[in-house]
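Here is a short tour of one protein chain with two DNA strands. Look at the sequence and the fold first, then read on.

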Amino acid sequence: MAVGLLGKIIRHKVVDLWLSARIIETEAYMLNERGSHASLGLTPSRRALFMEGGTIYMYYARGGDSLNIGAAGPGNSVLIKSAYPVTDDVSGPESLAAMLRLNPARNGQPRAPEKLCAGQTLLCRALGLKVPEWNAQTLDASRLFIDDDGYRPDNIIRTTRLGIPSGRDEHLPYRFVDSAYASCCTRSPLGRSRLEGEHYHYLDTDQQWRT
DNA sequence: CCAAAGATGCGCT
DNA sequence: GCGCATCTTTGGG
């Protein structure tokens, strides 16, 4: 599911505008694995992780709102980590302008489009997604949904998730990035001194096709 | 009630 | 790559 969401467009309606962004980076989290919130057990703030597949789980990460979509099976979910703003027939220039206003840089200046949704909390800010409004809710074609315009990533990078402390299954290769947008994700996996085969892999075409 | 710990972001080097 | 701001959740006293 984390791979399948790459390239899809997430759309959120704010007042009378659809705000849209293409998903370029995702991470998978599983119930039976130490990196996930679900593995910490069922509490009121984590209840959405144990609801029906498709339920939205939002939580605060270091002060900002973060978006997950529940997968099949209790406790499994996909964290939407970064995206790239989309302007098309549904979201015109005024939608992009609204996103820029919702997520200005710290100094108040507008961000470059490449940086507007380059992180899990930045994405939520740009799309106007808030924990109190969307946690434990379901997708809704009239307000928030995942769209498919036919785009498919040519190459997908598979690597380890960010921010997982050691001893918490930090080695699991559950982070996925559309390589065409690698420079616009949370942190590029393709830095100098990052080696293909050691720090990251490209997903087999075979594996990509199956998803 | 308080301290500590995050599935982070930013600015600086 | 590192330090620091940030703010909610959680668990212990």
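## Contacts with DNA strand B

In this predicted model, a side-chain N or O atom of Tyr59 lies 3.2 Å from a base nitrogen of DNA strand B. Asn68 also reaches a base: an N or O atom in its side chain is 2.6 Å from a base nitrogen of DNA strand B. Arg111 meets the backbone instead, with a polar side-chain atom 2.6 Å from a phosphate oxygen of that strand. These are polar contacts (a pair of N or O atoms within 3.5 Å; within protein, one must be able to donate a hydrogen and the other to accept it, and residues adjacent in sequence count only if both atoms are side-chain atoms).

Two elements, β3 and α4, give two or more residues to the surface near DNA strand B. The largest share comes from α4, with three residues. In total, 19 residues surround DNA strand B, and the closest are His37, Arg62, Asn68, Leu79 and Arg111. Sugar and phosphate make up 52% of the atoms of DNA strand B that come within 4 Å of the protein. A residue is near a strand if one of its heavy atoms lies within 4 Å of it. By class, this surface has seven nonpolar, eight polar and four charged residues. Here Ala, Val, Leu, Ile, Met, Phe, Trp, Tyr, Cys and Pro count as nonpolar, Asp, Glu, Lys and Arg as charged, and the others, Gly among them, as polar.

## Contacts with DNA strand C

Which residues are around DNA strand C? They are Thr43, Ser45, Arg46, Tyr60, Arg62 and Gly63. Sugar and phosphate account for 86% of the atoms of DNA strand C within 4 Å of the protein. One nonpolar, three polar and two charged residues form the surface near this strand.

Two side chains meet phosphate oxygens of DNA strand C. An N or O atom in the side chain of Thr43 is 2.6 Å from one. For Ser45, the distance from a polar side-chain atom to a phosphate oxygen is 2.5 Å.

## Overall build

Chain A has six helices and nine strands. Helices (H or I, at least four residues) and strands (E, at least two) are DSSP runs, numbered from the N terminus. The C-alpha trace spans about 45 × 40 × 35 Å along its principal axes. A compact globule of 211 residues would have a radius of gyration near 17 Å, and chain A agrees with 16 Å. That radius is taken over C-alpha atoms, and the globule rule is 2.2 Å times the number of residues to the power 0.38.

Buried residues make up 48% of the 211 residues in chain A. Buried means under 20% relative accessible area, exposed over 50%, partly exposed in between (1.4 Å probe, protein chains only). Among contacts (heavy atoms within 4.5 Å) between residues at least 6 apart in sequence, 64% join residues at least 24 apart.

## The nonpolar cores

A nonpolar core is a set of buried Ala, Val, Leu, Ile, Met, Phe, Trp, Tyr and Cys residues joined through side-chain atoms within 4.5 Å. The largest has 32 residues, and Ile10, Met58, Leu67, Ile80, Met99, Cys117 and Leu129 touch the most other members. Elements giving two or more residues to this core include β2 (17–29), β3 (56–61), α2 (93–102) and α4 (120–127). The top contributor is β2, with five residues. Another core lies apart from it, with ten residues, among them Ala38, Ala48, Leu79 and Ile164.

Leu144 is in strand β6 (residues 144–147). Is Leu144 buried or exposed? Leu144 counts as buried, at 0% relative accessibility. Beyond four places in sequence, Leu144 touches residues including Ile10, Trp18, Ile56 and Leu129. Leu144 and Ser20 are 124 residues apart along the chain, yet their C-alpha atoms are separated by 9.8 Å.

## Two loop residues with positive phi

Most residues other than glycine have a negative phi. Val15 has a positive phi, near 55°. Val15 lies in the loop between β1 (9–14) and β2, and is exposed at 77% relative accessible area.

Arg62 also has a positive phi, near 50°. Arg62 sits in the loop between β3 and β4. With 87% relative accessibility, Arg62 counts as exposed.

## How to read the numbers

Residues are numbered from 1 along each chain as its sequence is written, while chains are lettered from A and ligands numbered from 1 in the order in which they are written. Local features need pLDDT of at least 70, side-chain atom pairs count only at pLDDT 80 or more, and totals for chains, interfaces and linings use all residues, while side-chain values use heavy atoms, with hydrogens and water left out.
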